[in-house]
Amino acid sequence: MDTTRHLIKFDADALTTPQQRRGFLAKLAVAAGAVAVAPMLLRGEKFSSALLAQSAQCTFPDLTGWAERESLTDVQILNFALVLEYLEATFYLRAEGRGALPAGATVAAIDPDGMGLPGRVPGIESVRPPLPATFNVMQFVRTVRNHEIDHVLFLQTALGEKALPRSLFAFDFGDAFSSATRFLAVSQILEDVGVTAYLGQVGNIDSTDILAAAGSIAGVEAEHAAAFRLINRDKITPNNMSFDMRRDSTEVIAIASGFITAPNPVPPASSFPS
Amino acid sequence: MPPTAIVPNDRPDTEPTPEVSASRRSFLSWTGAAGAGLVLAACAPDSSTSLTEPAGAAFSKGGMHPKAGSGLVTVDGPSVGLPLSSDTDILKFALFLELLEAEFYKLAVASGLLSGLVREISTDVRDHEICHVDFLQAALGAQATGNRITFDFSSTLQNERKYLKAAESFEQTGVGAYLGALPLISDKNLRSVAGTIFTIEARHTAAFRALNHRVPAPVAYETPLTPQQVVSAIAPFVVEGL
């Protein structure tokens with residue numbers, strides 16, 4: 001079976017190794033740095049820094065270079081998406097354990113290596129979005145959690161036995177749950193990275209059905225990202241850009257690896273079941 | 001905070017050229033904007049295609065405000081027809097939608113109806129939509145123009161509440177339109193580019209839901225719209241050109 005073969009590729013020993021407690025700040029620095037610096041580099045190719053304030057916003061996306069950019073099968077792309085959804089679903093479950101999970105989901109299945117702990121973020125109940133927005137932030141986190149779990153269940157079902165099992169992975173978000181401020185900052189990063197990950201694969205997907213499904217998920221990740229940005233009093237698009245960025249799977253995995261303790265290193269998407 | 005001076009480089013900051021057709025003149029005098037409204041500006045720097053700028057753009061610069069309810073605006077845009085039978089057809093359809101959005105936000109931001117965070121976000125969204133228009137016009141070249149399109153947003157610009165409701169609705173339509181179109185696009189590079197616009201529209205939708213006192217992301221999946229559904233959604237706001 002494909003997944004058995006990949007257990008070996010993934011280095012089975014790493015799966016039983018206790019989580020390494022890497023410093024969260026280092027991870028966040030990696031993730032945030034990648035998020036903040038990459039667009040600067042991207043724009044820097046076209047504009048000097050002096051021009052950024054006036055012109056950066058209308059920087060157009062490349063019209064070429066994103067078709068068949070990576071040699072991934074649709075199944076590998078879905079598995080790549082599944083890994084990201086595992087990470088997100090685990091992250092929010094550990095942040096907010098209250099309230100019912102979507103039908104068919106259990107804490108043990110979504111987060112076997114962490115069992116959904118700590119399950120809450122101190123102070124999240126008192127966070128308010130900027131007026132005139134009035135939605136309940138804690139309930140919104142719960143909603144996002146359930147969306148990500150839904151995405152996991154959907155992708156697992158779509159992939160069937162080719163789905164990478166959740167048990168292959170262990171996640172460590174450091175002290176992301178120590179305060180609402182920190183949690184909301186990491187949430188924003190994860191959602192923005194998720195958007196770039198899906199967009200990076202749009203030109204690689206062959207099946208129009210899979211494209212439609214992936215797009216349907218990507219749009220919701222973008223909604224999450226905008227909502228966290230609003231809560232964080234940030235612009236609703238990264239750097240107020242008019243087009244979202246795209247990232248290759250290798251770039252995304254490099255960023256996500258800041259939160260993934262097993263397998264270590266995370267293998268490339270081209271080695272995922274196909 | 002982004003500077004409010006962020007204006008895409010092809011916006012008519014330069015002297016307007018009063019080149020107005022007879023019918024346009026009567027329209028402009030009706031809105032009280034004759035002389036200030038029409039600009040025949042070069043659209044893209046590398047293109048000889050001209051774009052007639054709507055009254056709304058000039059309002060925002062000259063300090064003249066349309067009366068609440070005078071939400072009519074005319075632009076030179078692409079002709080669209082269903083079914084969408086080529087990638088070019090799809091891009092033209094997308095440009096039509098982006099023009100609708102851009103002109104809507106230009107009027108709304110210039111109207112004086114909006115304040116605080118609503119105004120701030122609407123200004124950013126307006127600039128995003130203008131960039132989408134610019135991008136699609138550049139991609140389409142001569143195909144981007146030739147059709148006289150008039151939008152009527154008067155029903156949406158009565159007050160901030162009606163505006164926000166319409167904004168959310170337009171963005172939701174945009175999301176559904178792009179999602180529905182993605183699998184119809186045959187060129188994978190174009191699909192990829194359309195994706196980078198699609199998620200921006202999704203971000204806008206979430207923001208306007210929140211400003212409408214609603215949950216920003218209520219469901220786990222976006223719903224695609226067929227081109228026909230999109231036409232039905234926007235038709236009430238299109239006086240001519242659809």
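Two residues are in contact here if their C-beta atoms, placed from the backbone, lie within 7 Å. Helices (H or I, at least four residues) and strands (E, at least two) are DSSP runs, numbered from the N terminus. Axes are lines fitted to C-alpha atoms, for helices over the stretch in contact, and angles run from 0 to 180 degrees between N-to-C directions.

This is a predicted model, in which local features need pLDDT of at least 70 and side-chain atom pairs count only at pLDDT 80 or more, while totals for chains, interfaces and linings use all residues. Residues are numbered from 1 along each chain as its sequence is written, and chains are lettered from A and ligands numbered from 1 in the order in which they are written.

**Stop 1: the sheet of chain B**

Select residues 72-77 and 147-152 of chain B, which are strands β3 and β4. These two strands run antiparallel and are joined by 6 bridges; two strands pair if DSSP finds at least two bridges between them. Within this pair, B:Val75 is opposite B:Ile149.

Now add residues 238-240 of chain B, strand β5, which is antiparallel to β4(B) and linked to it by 2 bridges. B:Phe151 has B:Val238 as its bridge partner, and B:Thr150 has B:Glu240. The result is an open sheet of 3 strands in the order β3-β4-β5. Because β3 and β5 of chain B are at the edges with a single partner strand each, one side of each has no neighbour in the sheet. On average, neighbouring strands of this sheet are turned by 30° against each other, direction ignored.

Next select residues 87-110 of chain B, helix α3, which lies across β3 and β4 of chain B and runs at about 145° to β3(B).

**Stop 2: where the chains touch**

Show both chains. The contact takes 53 residues from chain A and 47 residues from chain B. On the chain A side, the elements giving two or more residues are α4 (49-55), α7 (137-159), α8 (180-202) and α9 (208-231). The largest share of that side, 16 residues, comes from α9(A). By class, the chain A side has 30 nonpolar, 17 polar and 6 charged residues. Here Ala, Val, Leu, Ile, Met, Phe, Trp, Tyr, Cys and Pro count as nonpolar, Asp, Glu, Lys and Arg as charged, and the others, Gly among them, as polar.

Select α8(A) together with residues 188-211 of chain B, helix α6; their axes come within 8 Å and cross at roughly 155°. The two helices are therefore roughly antiparallel (under 35 degrees is roughly parallel, over 145 roughly antiparallel, 65 to 115 roughly perpendicular and the rest oblique). In this contact, A:Val195, A:Leu199 and A:Val202 meet B:Arg191, B:Ser192, B:Gly195, B:Thr196 and B:Thr199. Those residues divide into 3 nonpolar, 4 polar and 1 charged.

**Stop 3: a helix pair inside chain A**

Select α7(A) and α9(A), which pack at an angle of about 160° with their axes 11 Å apart. That makes this pair roughly antiparallel as well. From α7(A), A:Val137, A:Phe140, A:Val144, A:His147 and A:His151 meet A:Ile217, A:Val220, A:His224, A:Ala227 and A:Ile231 of α9(A). This contact has 7 nonpolar residues, 3 polar and no charged.

**Stop 4: A:Leu168**

Finish on A:Leu168, in the loop between α7 and β1 (170-171) of chain A. A:Leu168 is partly exposed, with 18 other C-beta atoms within 10 Å (20 or more means buried, 12 or fewer exposed, and in between partly exposed, with C-beta atoms placed from the backbone). Its C-alpha atom is separated by 15 Å from that of A:Glu88, 80 residues apart along the chain.
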